[in-house]
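Here is a short guided walk through one protein chain, written to be read with the model open beside it. Take it a section at a time and turn the view as you go.

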Amino acid sequence: METRAAQRRAAGGDGARPRHGGGILGQTPATSGRILYDGEDITHASRERRRQLGREIQVVFQDPYGSLNPSRTIGDTLAEPLLAAGNRNTTEIRDRIVDILQRVGMPVDTAARYPGQFSGGQRQRIAIARAVIGRPRLVVCDEPVSALDLSVQAQVLNLLNELQQRMALSLLFISHDLTVVRHVSRRTAVLYQGEIVEHGDAAQVHDHPQHPYTQALLAAAPVPHPVLQRERREAWRLARTAITTN
C-alpha cells in the first residue's frame, strides 16, 4: 500500500489498526512483507532510525482522553516535539504553539491549561496539533474520530482535510467506518484478516464495492432513516454470510 506526498490514503477493516498502523510506527514487529517509506525499507529500522523517523512520521490516536498527559499543560505537550527535534529557541517555540493552536481552531490560552479542562473534540484537536506542529511528512490517523459524537466527527474530519491541504501532509487514515473513510481519503484499501482484499479510488470502492467484506462494512454504517437502516441490516447479514461461506 503506497501513500504519495500530500495525499490522503485510508485503510479500513479487520487488521488495519494493530498490524499496519503499528508496523509503520514501529510499535508492532512486522512478521512478513516490507514497509517502504520514501523508498527506504523501514520494516526493521533500528531504534536510532526510528527516533529520526519520529520527526517525519507522527500519529493521532483514537482516544482523545488517554493520548494526552493529564499532568502537563497543553503548551508543554506541544513543545515536546519541537524540543525533541533540537529546537531550544523559546520565542520560536512559543510562536509555533500559538500558530498551531489557531490552525486547529483553539484559543491561544489553551497552552496554559490542562487536558482535563477540555471536551473530547477539543482534546482531539489538541492531539492533532501535537502531531503536526513539527511539520511531519506523514501522519497516521488511527481511528481518530470513532470515540467522538457525530457532529464533532465532521468538524475533526474537516480540520484534517484543511491541514492536509495547507501543510502538504500525507495522511494514512485507519478506520472501520467506510463512510468516514470516503469523506477523508482519495485512495482506499480494505483489509480483511490482515490482507488487502480491495483497493482503489475512494469513490469507486465506496460506491461500487466488489469484495463481500467491503460490502459488509458499508452495510454496517448507520443511516438516519428506519427503513433504509433495516435494508442495510439485511444487506449486512447477507454480506457476512457470503464472507463466512467463502
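The sections below go from the whole chain to its strands, a covered helix, the inner spaces and a few single residues.

## The chain as a whole

Please keep in mind that this is a predicted model. The chain has 246 residues, and 44% of them are buried. Its secondary structure amounts to 10 helices and 8 strands.

Two further totals help to set the scene. Taking contacts between residues at least 6 apart in sequence, 65% of them link residues at least 24 apart. The chain exposes an accessible surface of about 12,800 Å², and carbon and sulfur atoms account for 49% of that area.

## A covered strand with two parallel partners

Strand β5 is a good place to start looking. It covers residues 138-142, and 5 of its 5 residues are buried. Which residues lie on each of its faces? On one side are L138, V140 and D142, and on the other are V139 and C141, all of them buried. Note that D142 is a charged residue by class, and it is among the buried ones here.

β5 has pairing partners to inspect as well. β4 runs parallel to β5, joined by 4 bridges, and V60 sits opposite C141 in this pairing. Strand β6, residues 170-175, is also parallel to β5, with 5 bridges between them; here V139 is placed opposite L171.

## The hairpin of β7 and β8

For an antiparallel pairing, turn to β7 (residues 187-192) and β8 (residues 195-201), which are held together by 6 bridges. The two strands make a hairpin with 2 residues between them. Y192 stands across from E195 in β8. Within the turn, Q193 has a positive phi of about 55 degrees.

## A mostly buried helix

Helix α9 spans residues 212-220, and 7 of its 9 residues are buried, so this helix counts as mostly covered. The buried set consists of P212, Y213, T214, A216, L217, L218 and A219.

In general, an α-helix has 3.6 residues a turn, so residues three or four places apart point the same way. With that in mind, you may like to view α9 end-on and find Y213, A216 and L217, which are among its buried residues.

## A small set of inner spaces

How many cavities of 30 Å³ or more does the structure hold? There is 1, and the largest cavity has a volume of about 40 Å³. Its lining is made up of V60, I128, V132, V139, L160, L163, Q164, L169 and L171. The elements that supply two or more of these residues are α5 and α6, and α6 gives the most, with 3 residues. By class, the lining has 8 nonpolar residues, 1 polar and no charged ones. Some names return from the strand section: V139 and L171, which stand opposite each other, both belong to this lining, as does V60.

The second largest pocket holds about 630 Å³ of space. It is lined by 22 residues, and those closest to its centre are G54, R55, I57, Q58 and P81. Two or more lining residues come from each of α1 (16-25), α2 (47-53), β4 (57-60) and α3 (74-84). Of these, α3 contributes the most, with 5 residues. The lining divides into 10 nonpolar, 6 polar and 6 charged residues.

## Single residues worth a look

Two loop residues other than glycine have a positive phi. D38 has a phi near 55 degrees and belongs to the loop between β2 (36-37) and β3 (40-41). Is D38 buried or exposed? With a relative accessible area of 61%, D38 is exposed, because the cut-off is over 50%. R135 likewise has a phi near 55 degrees, and it lies in the loop between α5 (120-132) and β5. At 56% relative accessibility, R135 is exposed too.

Finally, look at N158 in helix α6. Its relative accessibility is 40%, so N158 counts as partly exposed. N158 and V184 are 26 residues apart along the chain, with 8.0 Å between their C-alpha atoms.

Methods. Residues are numbered from 1 along each chain as its sequence is written. This is a predicted model: local features need pLDDT of at least 70, side-chain atom pairs count only at pLDDT 80 or more; totals for chains, interfaces and linings use all residues. Side-chain values use heavy atoms; hydrogens and water are left out. Two strands pair if DSSP finds at least two bridges between them. Buried means under 20% relative accessible area, exposed over 50%, partly exposed in between (1.4 Å probe, protein chains only). On a 1 Å grid over the protein atoms alone, a cavity is a set of points where a 1.4 Å probe fits but cannot get out, and a pocket is an open set with protein on both sides within 12 Å along at least five of seven lines; lining residues have an atom within 4 Å of a point. Grid points are joined across faces, edges and corners, and a volume is the space filled by probe spheres set on the points. Contact means heavy atoms within 4.5 Å. Accessible areas come from the Shrake-Rupley method with a 1.4 Å probe; for residues, only the protein chains shown count as cover.
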